[in-house]
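Trainee: Could you walk me through this one before I get to the bench? I'd like to start with the surface.

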Amino acid sequence: MRISHAPPQPTTPDISGISLVKDQPAPPDTHPRSEPLPGPTPAIPATPAPGPDLVALVPASRRRARVPRWLRRTSGPLALLALWQVLSVTGVLAGDVLASPGTVARVAGDLIREGSLPNAMGVSLQRVALGLLFGTVVGTALALVAGLFRLGEDLVDASVQMLRTVPFVGLIPLFIIWFGIGEAPKIAIISLGVSFPLYLNVYAGIRGVDAQLIEAGESLGLSRWGLVRHVILPGALPGAMTGLRYSLGVSWLALVFAEQVNADAGIGFLMVQARDFLRTDVIVVCLVVYAFLGLSADFVVRTLERLLLQWRPTFTGR
């Protein structure tokens with residue numbers, strides 16, 4: 001009996017479990033090496049051909065204007081001032097009807113040197129600040145209750161909508177009877193005028209939040225307070241800032257009526273005295289002060305809006 005010492009040939013199992021000898025030839029190479037084509041080799045250029053110069057595109061909104069924007073914004077008031085001066089010089093506007101800009105500037109300087117205008121501005125600013133504070137708290141609180149809860153909407157919204165249609169100026173006699181003739185009725189009038197615009201805009205901002213954002217927050221596991229803090233309040237913030245700007249304008253309007261009710265200080269008190277003595281120059285000075293105070297307050301709110309709404313890019317005009 002002869003014993004063979006040759007190594008066994010490799011086998012591969014078949015599907016049926018029978019071992020077969022691997023004696024098939026190797027498969028041909030499916031990726032043959034490419035042979036160089038006969039002929040001269042093309043020359044490779046040392047440097048690439050120069051292409052066209054690339055110019056950075058700048059959006060039209062970021063291009064520098066030829067005229068500064070601050071100059072364009074002040075051109076309208078300056079044109080009105082020039083027209084006023086021309087009409088006063090030519091005699092179209094008589095001095096007893098409307099004082100000239102030069103007369104108004106001189107009277108304003110006299111009031112500032114006497115100290116009556118700064119004191120009146122301080123008293124009026126204090127009244128507006130208190131009325132704006134109380135009105136903002138009340139209007140925002142009512143808007144949150146009505147906007148976040150259906151029960152709150154049923155209890156609050158109908159009453160607020162009914163009261164806002166009543167002219168707040170018509171409530172001055174009632175406020176005098178309820179609060180007396182001191183500072184309380186004046187601040188109450190301003191607070192009432194401020195609260196309604198804030199309520200409407202904050203309520204509309206809350207109810208204007210996209211429902212898909214609420215669903216996305218709930219799918220991420222946010223609680224009810226988390227939805228209010230991270231989704232609803234940021235979404236309602238643009239409407240709240242718009243309501244605040246509108247409320248500031250209403251506050252100065254309410255101040256004019258409030259300071260003409262048994263007032264002994266303030267810009268409205270100066271206007272009442274000037275009306276009694278037919279001083280149109282003093283009246284115009286008070287109106288200009290009202291306008292500049294309102295413009296300054298609006299500038300503060302616009303700056304605050306740009307800081308708080310940096311996450312919300314909007315169209316800024318072309």
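Mentor: Before the surface figure, a definition: accessible areas come from the Shrake-Rupley method with a 1.4 Å probe. Please also keep in mind that this is a predicted model.

Trainee: Okay, so how much does the protein chain expose, and what do carbon and sulfur atoms supply?

Mentor: The protein chain exposes about 22,700 Å², and 66% of that area is supplied by carbon and sulfur atoms. As for the interior, 29% of the 318 residues in the protein chain count as buried.

Trainee: Which residues form the positive surface patch?

Mentor: The positive patch on the surface is made up of R69, R72, R73 and R306, and helix α1, which spans residues 69–89, gives the most to it, with 3 residues.

Trainee: And R69, is that buried or exposed?

Mentor: R69, which has its place in helix α1, counts as exposed because its relative accessible area is 54%, and the cut-off for exposed is over 50%.

Trainee: Switching topic, what's the secondary structure of the protein chain?

Mentor: There are 10 helices and 2 strands in the protein chain, and reading along the sequence gives the pattern β-β-α-α-α-α-α-α-α-α-α-α.

Trainee: Where does D96 lie?

Mentor: D96 lies in the loop between α1 and α2, the latter covering residues 101–114, and D96 is exposed, with a relative accessible area of 64%. Although D96 and L278 are 182 residues apart along the chain, their C-alpha atoms are separated by 8.0 Å.

Trainee: What about contacts across the whole protein chain?

Mentor: Taking contacts between residues at least 6 apart in sequence, 69% of them join residues at least 24 apart.

Terms used
Residues numbered from 1 in each chain as written. Predicted model: local features only at pLDDT ≥ 70, side-chain atom pairs only at ≥ 80, totals over all residues. Heavy atoms only, no water. Patch = residues over 30% accessible without salt bridge, like charges linked within 9 Å, V, L, I, M, F, W, Y side chains within 5 Å. Salt bridge = Lys/Arg side-chain N within 4 Å of Asp/Glu carboxyl O. Lys, Arg positive; Asp, Glu negative; His and termini not counted. Charge placed at Lys NZ, Arg CZ, Asp CG, Glu CD. Helix = DSSP H or I, 4+ residues; strand = E, 2+ residues; numbered from the N terminus. Buried < 20%, exposed > 50% of the residue type's maximum accessible area, 1.4 Å probe, protein only. Contact = heavy atoms within 4.5 Å.
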